[in-house]
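Trainee: I have a new chain open on my screen and would like to talk it through with you. Could you take a look along with me?

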Amino acid sequence: MRSKFLTVAHISELPEGGQLRVELEDKEILLCHHDGEIYALDYYCSHDRLSLEGGTFEGDTIVCPYHGAEFCLKNGEVRAGPAWEAIDTYPVKIDAELILIAEPDP
Ligand code: FES
């Protein structure tokens with residue numbers, strides 16, 4: 001089944017190294033622009049439900065600013081604790097300078 005992609009931001013809102021919180025169908029999502037790629041992941045860390053916004057990038061991971069859990073930007077898997085549950089990530093497309101995210105599963 002093909003996912004429907006929905007526009008969430010203009011590329012100018014997310015410069016290289018930047019992060020942007022967006023909402024898509026009641027889900028809060030963090031857009032990250034790192035090393036030329038745009039990633040969309042859960043806004044909240046799976047450890048203590050605190051925001052991942054402001055986390056630093058290390059290689060292909062984002063480091064939670066609160067207790068240091070690390071998640072892969074590409075697939076949300078845990079690379080370092082204290083979190084143990086993966087976070088969701090969402091397919092991203094760029095079309096005519098717009099950032100689109102695949103509609104989350106209900
Ligand atoms: S809330 Fe992210 S590591 Fe604790």
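Mentor: Gladly, and let us begin at one turn: strand 2 and strand 3 form a hairpin with two residues between the strands, and in it Glu25 takes a positive phi near 50°. Please keep in mind throughout that this is a predicted model.

Trainee: How many bridges hold strand 2 and strand 3 together, and what stands opposite Val22?

Mentor: Strand 2 and strand 3, the latter covering residues 27-34, pair in the antiparallel sense over six bridges, and Val22 stands opposite Ile29 in strand 3.

Trainee: And which residue takes a positive phi in the hairpin of strand 3 and strand 4?

Mentor: That residue is Asp35, with a phi near 50°, in a hairpin that has two residues between its strands. The pairing of strand 3 with strand 4 is antiparallel and runs over six bridges, and one of the facing pairs is His34 with Glu37 in strand 4.

Trainee: What is the strand order of the sheet that these belong to?

Mentor: It is an open sheet of four strands in the order 2-3-4-9, with antiparallel pairing. Strand 2 (19-24) and strand 9 (89-90) stand at the edges with a single partner strand each, so one side of each has no neighbour in the sheet. Strand 9 is joined to strand 4 (residues 37-42) in the antiparallel sense over two bridges, and Tyr90 in strand 9 is the bridge partner of Ala40.

Trainee: Stepping back a bit, how many helices and strands does the protein chain have?

Mentor: The protein chain has zero helices and 11 strands. Its radius of gyration is 13 Å, close to the 13 Å that the globule rule gives for 106 residues, so the chain is as compact as a globular protein of that length. Along its principal axes, the C-alpha trace spans about 40 × 30 × 20 Å.

Trainee: What share of the residues counts as buried?

Mentor: Of the 106 residues, 25% count as buried. As for contacts in the chain with a separation of 6 or more, 38% of them are accounted for by residues 24 or more positions apart.

Trainee: Which residues have the most contacts inside the largest nonpolar core?

Mentor: That core has 22 residues, and those with the most contacts inside it are Ile29, Leu30, Leu31, Cys32, Ala40 and Leu41. Strand 3, strand 4 and strand 11 each supply at least two residues of this core. If you select Leu31 and leave aside residues up to four places away in sequence, you will find that it touches Ala9, Leu14, Gln19, Leu20, Val22, Ile38, Ala40 and Ile99.

Trainee: Let me change topic to the other sheet, then: which strands stand at its edges?

Mentor: Four strands form that open sheet in the order 5-6-7-8, and the pairing is antiparallel. Strand 5 (56-58) and strand 8 (78-80) stand at the edges with a single partner strand each, so each is left with one side lacking a neighbour in the sheet. On average, and with direction ignored, neighbouring strands of this sheet are turned by 35° against each other. Three bridges join strand 5 to strand 6 (residues 61-63), and Phe57 has Ile62 in strand 6 as its bridge partner.

Trainee: What about the loop between strand 8 and strand 9, where Pro82 lies?

Mentor: The feature to look at there is the peptide bond joining Gly81 and Pro82, which is cis, with omega at about 15°.

Trainee: And Arg49, is that one buried or exposed?

Mentor: Arg49 counts as exposed because it has 9 C-beta neighbours inside 10 Å, and 12 or fewer is the cut-off for that class. Arg49 is found in the loop between strand 4 and strand 5, and its phi is near 55°, a positive value in a residue other than glycine.

Trainee: Where does the chain go in strand 10 and strand 11?

Mentor: Strand 10 and strand 11 form a hairpin with two residues between them, and Ala96 in the turn has a positive phi of about 50°. Glu97 is found in the loop between these strands, and its phi is near 70°. The two strands, residues 92-95 and residues 98-102, pair in the antiparallel sense over four bridges, with Asp95 opposite Leu98.

Trainee: Last one: how far apart are the C-alpha atoms of Ala102 and Lys4?

Mentor: They are separated by 5.6 Å, although the two residues are 98 residues apart along the chain. Ala102, which lies in strand 11, touches Ser3, Phe5, Tyr90 and Pro91, not counting residues up to four places away in sequence.

Conventions:
Residues are numbered from 1 along each chain as its sequence is written. This is a predicted model: local features need pLDDT of at least 70, side-chain atom pairs count only at pLDDT 80 or more; totals for chains, interfaces and linings use all residues. Two strands pair if DSSP finds at least two bridges between them. Axes are lines fitted to C-alpha atoms, for helices over the stretch in contact, and angles run from 0 to 180 degrees between N-to-C directions. Two residues are in contact if their C-beta atoms, placed from the backbone, lie within 7 Å. A nonpolar core is a set of buried Ala, Val, Leu, Ile, Met, Phe, Trp, Tyr and Cys residues joined through C-beta atoms within 7 Å. A residue is buried if 20 or more other C-beta atoms lie within 10 Å of its own, exposed if 12 or fewer, and partly exposed in between; C-beta atoms are placed from the backbone. The radius of gyration is taken over C-alpha atoms; the globule rule is 2.2 Å times the number of residues to the power 0.38.
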